[in-house]
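Trainee: I should like to study this protein chain with you. May we begin with the terms and then turn to particular residues?

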Amino acid sequence: PPASQNNEQGSTLRDLLTTTAGKLRLGSTDAGIAFAPVYSTGAASGKSGRSVPNILDDIIASVVENKIPPNRAPKINVKSEIKDEPKDDGKCIQDDCSKLYSDIQYSWICDKHVLWLRDHKNNNNWKLFKECWKQGRPVLVSGMHKKMNFSLWKAESISLDFGNQQADILNCKDSVISNTNVKEFWDGFEDVSKRQKIKNGETALLKLKDWPSGEDFKAMMPARYEDLLKSLPLPEYCSPEGKLNLASHLPGFFVRPDLGPRLCSAYGVAATKDHDIGTTNLHIEVSDVVNILVYVGIAKGNGVLSKSGVLKKFEEEDLDDLLRKRLKDSSELPGALWHIYAGKDADKIREFLQKIAKEQGLEVLPEHDPIRDQSWYVNKKLRQRLLEEYGVKTCTIIQFLGDAIILPAGALHQV
């Protein structure tokens with residue numbers, strides 16, 4: 001807009017809030033709380049040429065209590081709660097943090113796109129996390145299993161306590177869902193000979209999806225629920241009572257996202273012939289999410305890769321040097337392979353997958369969204385094409401036992 005309009009409408013958020021605060025003084029109630037009219041009067045509409053309400057003003061006016069005296073100009077004074085907080089110029093996040101946060105054990109992985117917090121016990125982790133979170137970057141926190149009661153999360157323990165339950169089990173190969181006894185799933189978790197077979201005799205790749213979830217989790221598994229909550233990383237953000245967990249503190253009239261927790265269990269691809277499939281296809285979460293790997297089963301039986309074979313499959317990935325080093329550490333147990341993409345690349349990825357679908361002769365309907373439908377696992381060959389043809393790079397992370405991966409809402413990922 002022309003410069004003359006900037007002062008009136010607010011060219012920045014600061015300007016918008018300042019001008020709105022001034023407008024709020026125009027009306028007041030006996031309680032001393034200022035408000036702005038929801039709809040402009042006819043005269044005002046004619047004057048400005050607009051009859052549609054200023055939505056931002058309406059929203060701000062509905063939730064902000066303005067206590068600026070009428071004879072004083074509105075001012076906005078933002079103070080940081082961290083005295084040594086660095087300037088948010090995007091550079092200190094990699095360059096100067098070593099000085100500002102010398103008491104925190106951390107590293108950068110995936111070309112400095114992902115923050116790795118190596119000491120889960122450090123109470124100052126949240127300060128560095130905050131700087132990274134401002135920029136919408138994923139964060140990895142390791143060692144969470146050391147705070148947990150490991151015996152509660154063993155496959156045999158869950159099967160023993162809840163084997164008689166019924167749940168939806170997903171066949172990841174053909175996306176067929178069946179309602180079956182949970183014990184059948186857990187019996188085959190570490191014994192391939194007890195796993196279901198699909199038509200051609202191959203071992204089924206099964207996933208017990210989001211069972212149990214939310215209130216069901218708390219009611220069905222109270223001991224595990226409490227163990228999980230006391231072991232959450234960065235409790236200031238991740239705990240339901242965390243002072244910076246905004247979703248937990250939303251007023252009741254908001255429709256909250258499903259904040260879980262959810263138990264997600266799946267067989268590994270090591271026992272399948274097709275290693276180009278995943279247990280979680282490419283998708284987007286509508287809220288920030290923390291995923292903790294609480295147990296890694298070691299599958300036994302015919303056709304299963306040896307430990308060295310599994311490590312070799314991981315090493316074939318485009319990995320950060322620090323992740324390769326972790327793979328060689330005998331005290332670390334790798335369990336899941338993640339591919340993560342920034343939310344800003346969603347449209348490019350969507351266009352790419354529709355292009356691949358047409359190449360493969362698949363019907364692409366106008367309402368079809370390959371990301372929303374979770375219909376694709378982007379294999380290594382496609383990830384390379386995505387980089388070459390669209391310039392979209394994959395962030396590859398190996399999740400080891402006890403690792404918590406924290407993703408911002410809007411980030412695309414597959415597992």
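Mentor: A residue is called buried under 20% relative accessible area, exposed over 50%, and partly exposed in between (1.4 Å probe, protein chains only). The model is predicted, so local features need pLDDT of at least 70 and side-chain atom pairs count only at pLDDT 80 or more, while totals for chains, interfaces and linings use all residues. Residues are numbered from 1 along each chain as its sequence is written, and side-chain values use heavy atoms, leaving out hydrogens and water.

Trainee: Is E389 buried, exposed or partly exposed?

Mentor: The relative accessibility of E389 is 35%. Because that value lies between the limits of 20% and 50%, E389 counts as partly exposed.

Trainee: With which residue does R385 form a salt bridge?

Mentor: A salt bridge places a side-chain nitrogen of Lys or Arg within 4 Å of a carboxyl oxygen of Asp or Glu. R385 has such a partner four residues away in helix α15 (residues 380-390); helices are DSSP runs of H or I with at least four residues, strands are runs of E with at least two, and both are numbered from the N terminus. The closest N and O atoms are 2.7 Å apart, and the partner is E389.

Trainee: Which residues are joined into one network by salt bridges that share partners?

Mentor: Side chains of opposite charge can pair when their charged atoms come close. Here, salt bridges with shared partners link four residues into one network: K355, E359, R385 and E389.

Trainee: What is the relative accessible area of L208?

Mentor: L208 is found in strand β8 (residues 206-208). L208 touches, among others, V182, F185 and W186, contact meaning heavy atoms within 4.5 Å. L208 is buried, and its relative accessible area is 0%.

Definitions and conventions
Lists of a residue's contacts leave out its neighbours within four places in sequence.
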